[in-house]
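Please look through the sequence and the model below before reading on. The report that comes after them takes up a few strands and one helix in turn.

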Amino acid sequence: MTNVTFLHPEFFWLFLALPLAIAWYFFKRKEQTATLKISSIRPFQNSGTLLAKLRPLLLVMRLLALSAIIVALARPRSVDVSAKSRVTKGIDIVMAIDVSGSMLARDLKPNRLEALKRVASKFIEDRVNDRIGLVVYAGESYTRTPVTSDKAMVQQSLNTIEYDDTVLADGTGIGVGLATAINRLKDSKAKSRIIILLTDGVNNAGTIDPRMAADIAKEYGIKVYTIGIGTNGTAPFPYAKDPRNGQFLFRNMPVEIDENLMKEIAKTTEGKYFRATSNKKLEEIYTEINKLETTEVEEKKYFNYDEKFKPYVLFALILLGLEMLLKNTVFRGFL
């Protein structure tokens, strides 16, 4: 029976008694029938009637009735399970993304910025019960998306991030990027608040000291995970635009990331520093952060049981009634 469970399956052990009942019937059947002693039975050898041959039918009916009763005692039932979830510990997350010109470097494929957008999109998709916001920074910073539970809006905003030196002054202002992210979270009522701060360079712009911003984050109880993105050694960096077609020109340049600063920011806020030297490593970092910052969800399940034993009881009663009726009418002369 599909989708049917039994509350008391131990009653199925009673089926072992049915073969004993059959053996007892055949052992005692002669004692249950009237006998007549005569000198010869030759005249009666071919006088069996149809009713006499059908007499074992009463045993079959009783065994079927007993089987139905055993199944009914086992309490067959189907169950419909519905679940309701409630977030008991939501997390507010701000992703502070470096969009300086160096994020177009091609040590990650197709470049650092596009690689980040792909991984960050998957991260956002996985944070079903959390609110997420986006901050972008270069020499300056601004809030691209406020902290929101509207994942579609966040994804749309993330997908359209690109390097544009007409919007933000070039450079790497880690301090201003972190400060803007803190400003988005400082009034949050969430149980946990985190910032994922990503950069590929050193702090060379902005008016806010990154260490001071880290101290402010600590005061607000905001944890900062820092990520340095870029390979070790050299990488193809954009250095100019081709005047003929406006495309970027690339040349190999040393990769410089202020890892000491990023480690210090993470340590101050009880976060963690990561180094993403490849696309795969970047994916692993966001997967680890996803595991470190889990959201507690309380799930309540509701079980609606549909009892199935009544048809078996009814079937058993009909068989027992029919057996009793036949026993006292049609088969009365044989029993």
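What follows describes how some of the strands pair and how one helix is built, in a model that is predicted.

We begin with strand β7, which covers residues 223-229 and is mostly covered, since six of its seven residues are buried. Strand β6 pairs with β7 in the parallel sense, and within this pairing isoleucine 196 has tyrosine 225 of β7 as its bridge partner. Between these two strands the chain passes through helix α7 (residues 210-219), and the resulting β-α-β crossover is right-handed. Strand β7 is also joined to β10, again in the parallel sense, and here glycine 228 has arginine 275 of β10 as its bridge partner.

The pairings, together with one between β8 and β9, are set out in the table.

| Strands | Sense | Bridges |
|---|---|---|
| β6 (residues 192-199) and β7 | parallel | six bridges |
| β7 and β10 (residues 273-276) | parallel | four bridges |
| β8 (residues 234-241) and β9 (residues 248-254) | antiparallel | seven bridges |

Strands β8 and β9 form a hairpin with six residues between them, and in its turn glycine 246 has a positive phi of about 75°. Threonine 234 finds its bridge partner in proline 254 of β9.

How far apart are the end C-alpha atoms of helix α4? They are 21 Å apart, which agrees with the 21 Å that its 15 residues should span at 1.5 Å a residue. At the start of α4, a side-chain oxygen of asparagine 111 comes to within 3.1 Å of the backbone nitrogen of leucine 113. The buried residues of α4 include Leu113, Leu116, Ala120 and Ile124.

Key: Residues are numbered from 1 along each chain as its sequence is written. This is a predicted model: local features need pLDDT of at least 70, side-chain atom pairs count only at pLDDT 80 or more; totals for chains, interfaces and linings use all residues. Side-chain values use heavy atoms; hydrogens and water are left out. Buried means under 20% relative accessible area, exposed over 50%, partly exposed in between (1.4 Å probe, protein chains only). Two strands pair if DSSP finds at least two bridges between them. A crossover is right-handed if, with the strands pointing away from the viewer, the path from the first strand over the helix to the second runs clockwise. The expected span of a helix is 1.5 Å times one less than its number of residues. A polar contact is a pair of N or O atoms within 3.5 Å; within protein, one must be able to donate a hydrogen and the other to accept it, and residues adjacent in sequence count only if both atoms are side-chain atoms.
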